[in-house]
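User: I'm new to reading ligand sites. Could you walk me through this one?

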Amino acid sequence: MEKLVITGKTHLKGEVTISGAKNAAVAILPATLLIDGICTIDNLPNISDVKMSCKILEDLGAKITWNTPNEITIDTRHINKTVASEELTRKFRASYYMIGSMLGRKGAITVGMPGGCKLGARPIDQHIKGFEALGATVEVSQGKITATASELTGTSIYMDVVSVGATINVMLASVLAKGTTVIDNAAKEPHIVDVANFLNTMGADIRGAGTDVIKINGVEKLTGNSTYSIVPDQIEAGTFMLAAVASQGDILIKNCISKHLESLTAKIIEIGGQVEDYGDSIRVKMDKRPSKATIKTLPYPGFPTDLQPQMGVTLSIAEGTSRIIESIWESRFQYTEELNKMGAQITAQGKTAFFEGVSSLYGSPVYASDLRAGAALIIAGIIAEGKTEVYNLEHIDRGYENIEEKFRKLGAKIERVEE
Ligand code: UD1
């Protein structure tokens, strides 16, 4: 078993370059199944969720060439299976994007029930509602999802909840459908725009991504023959912004889109941080303990739930008592128990947690319950006095490329060791 051993307390200083967005990559890779041709994807984050997506594509008949660790060429001309590996699809959430893509490409697919971070109930009713509205039949039984359609026909679909996954999945299923599909009450996250841009580059006709009404005019075929560069990871950038604040450091975050981080930037300024916005890079500086704040997670452009644990660490050492309301996921405060082992004073109940700020955290063995909780615990180890050991690295490796290397370059004393 691997663990990260971190010796604090460090003020992080220097530059970090952000990788391509995990949540865009894990949707764009399945989206290549809609292409009957060859395409190249670069700025691809080299993380385990991406490698698993590639394995599923290869199993379905795609040919993948790794040109560099962050660029691949995918040939999807010979997709010859409609049953995806259950073992692989169960391992992460985004495997459900195979459903929308394969419905479009082959009119049939069976996948294992998608896995992913345990953040509470993760229903997929809105995905199914969208597929059925387009004319598909969806059956969920014995831990498997089977979707079939002899033809998909464009229609109007109103999403009952704002869902990133359902918006993307229905968009994927609509690209090759007959006629026009309108998704109303769509999610607006930057990676939804990125998936739409990718598909349009390959020949689709999608308008309105990034607003709450997306219109997809079905096309006959996606031909590929293009290279697409994945958008920078907004959540990774936000993780380093909060690491700068929590560690009272000074970090220049390069290759990010500051527009995607406005809700976080506003909060960082509110708690006393300094933010210099250069458009494609952001410098964050902090020279004192943060002040208290109230945070409520919301769909984009609200404060992202995927930055809530990293903000939680930051507020655990703030002056005064802060409050976080988690409105997207029902059990996203598991990390607070680990922070309490490090001396934090956090009380979490249901969707609300109170953070009574302490002057310092102290090193301890801690366990990552999920991906972003893992990132938060790394920040906690960096700002804590003494030695912290972070376990369950498989969660962190699913979504952060070279995370310890990036933190080490900023001055953190962090090593990955085999136990
Ligand atoms: C995606 C992100 C995840 C992030 C989340 C919210 C990926 C791979 N993962 O997850 O990191 O935390 O967005 O920004 O992109 N819901 C339903 N029915 C559905 C679908 C969702 O009720 O059919 C509910 C969920 O329970 C949740 C809310 O809608 O309360 C938002 O979920 P959704 O946006 O779908 O999250 P994911 O796409 O799974």
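Analyst: Happy to; we will go through the surroundings of the ligand step by step. Please keep in mind that this is a predicted model.

User: Where do I start: how many residues surround the ligand, and which are the closest?

Analyst: Start with the shell, counting a residue if one of its heavy atoms lies within 4 Å of the ligand. Here 21 residues surround the ligand, and the closest are Gln-126, Ser-163, Val-164, Asp-306 and Ile-328. By type, the shell holds nine nonpolar, seven polar and five charged residues.

User: Which helices supply at least two residues each to that shell?

Analyst: Those are helix H5, spanning 125-133, and helix H6, spanning 164-174. With three residues, H5 gives the most.

User: And how do I read polar contacts with the ligand?

Analyst: Look for pairs of N or O atoms within 3.5 Å. The side chain of Ser-163 places an N or O atom 2.6 Å from a ligand oxygen. For Gly-165, a backbone N or O atom is 2.8 Å from an oxygen of the ligand. Trp-329 brings a polar side-chain atom to 3.0 Å from a ligand oxygen. As for cover, the ligand has 740 Å² of accessible area on its own, and the protein covers 86% of that.

User: Which pocket does the ligand sit in, and why does it lie between the two domains?

Analyst: The ligand occupies the largest pocket. Both domain 1 (2-19 + 232-418) and domain 2 (22-229) give residues to the shell, so the ligand lies between them.

Technical notes. Residues numbered from 1 in each chain as written. Predicted model: local features only at pLDDT ≥ 70, side-chain atom pairs only at ≥ 80, totals over all residues. Heavy atoms only, no water. Polar contact = N/O pair within 3.5 Å; in protein donor to acceptor, adjacent residues only side chain to side chain. Areas by Shrake-Rupley, 256 points an atom, 1.4 Å probe, with all protein chains shown as cover. 1 Å grid on protein atoms, 1.4 Å probe; cavity = no way out; pocket = protein on both sides within 12 Å on 5 of 7 lines; lining within 4 Å. Sits in = over half its atoms within 2 Å of the grid points. Helix = DSSP H or I, 4+ residues; strand = E, 2+ residues; numbered from the N terminus. Nonpolar A, V, L, I, M, F, W, Y, C, P; charged D, E, K, R; others polar. Domains from an automatic or database assignment.
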